[in-house]
Amino acid sequence: MSIFEGTAVALVTPMKEDGAVDYKRLEELVEWQINEGTDAIVACGTTGEASTLANHEHISVIEAVVKKTSGRVPVIAGTGVNDTNHAIELSTGAESVGADALLIVTPYYNKASDTGLFLHYEKIAQSVNLPIILYSVQSRTNMNLTPALVEKLITIPNIVGIKEASGNISQIADICRLASDDFTVYSGNDDQVLPLMALGGKGIISTIANIAPRQTHELAQAVLDGNYDLARKMQLDQLPLIHALFCEVNPIPVKTAVGLLGKIDPYFRLPLNDAQPETVERLKKEMTAYGLEVQA
């Protein structure tokens, strides 16, 4: 049974000028996302700047999202880090505040072996009762969950899905071959929703959904409904905006774009910095062309 089908937004974490989490804006974003049709919310993922949050902030953000959703959509907590014991601490904390599932990215910097990766995920899985979605994004972590390793990992009972962001369509196809009622594949790349779902995936954990939640939900739903002509048009229409959202390191452009919608003040914690002026202008241009109402 899939945790969700359709679109999960990898939600940005609003912050104030002094760097504190802006919980009021966070709750407003959650409400807007649900009203726009988003099927699940990921709190404290990469796009949520989780790596700059202290432990108590990390859990507090997850708890705030859980409380605001009030069970209307699943809340998936990003609790993956490069230290297994730290990941367990965050994972058990997320479970204690009511998260519905966990998103666990591969360890970064350590460069673990496949054996180490398996043991890492196994130990985390044994520490909680929640379902776990693996997260493979080699471009950020220098670690890849190969189809052979994924096949071993899904023998762990509460590993139920993968966010596949390798960008390698051949690898994606091999992993989709492993999909079943007990294991779901999600796209981790906004520009590959249609091809991955056409291979059997059930949705997208999305960055662009931060600014176009309804359109992204409708794209995923079109694929689920088998309306491939509509889905192809929607996917291609999004491409210029997707490219703009990744013209600087994520989440700088997308958080800036949420600010351009007037939803947040786009403050960052170092080492992330404000978007370059040319990025802001590009975002304004592509957001307007896509039909979004830029406020600033």
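Where is S70 found? S70 sits in the loop between helix 2 and strand 3 (75–78); helices (H or I, at least four residues) and strands (E, at least two) are DSSP runs, numbered from the N terminus. This is a predicted model, where local features need pLDDT of at least 70, side-chain atom pairs count only at pLDDT 80 or more, and totals for chains, interfaces and linings use all residues. Residues are numbered from 1 along each chain as its sequence is written, and side-chain values use heavy atoms, with hydrogens and water left out.

Back to the backbone. Most residues other than glycine have a negative phi, and most peptide bonds are trans. Here are some spots that go the other way:

| Site | Feature | Place |
|---|---|---|
| S70 | phi near 50° | loop between helix 2 and strand 3 (75–78) |
| N142 | phi about 65° | loop between helix 5 (138–141) and helix 6 (147–153) |
| N250 to P251 | cis, omega near 15° | P251: loop between helix 10 (228–245) and helix 11 (252–260) |
| L270 to P271 | cis, omega about 20° | P271: loop between helix 11 and helix 12 (277–290) |

S70 is exposed, at 56% relative accessible area, while N142 is partly exposed at 46%. The cut-offs are under 20% for buried, over 50% for exposed and in between for partly exposed (1.4 Å probe, protein chains only).

Now for the inside. A nonpolar core is a set of buried Ala, Val, Leu, Ile, Met, Phe, Trp, Tyr and Cys residues joined through side-chain atoms within 4.5 Å. The largest one has 79 residues, and I62, L145, I211 and M287 touch the most other members. Helix 2 (residues 55–69) chips in the most, with 6 residues. A second, separate core has 17 residues, including I3 and Y135.
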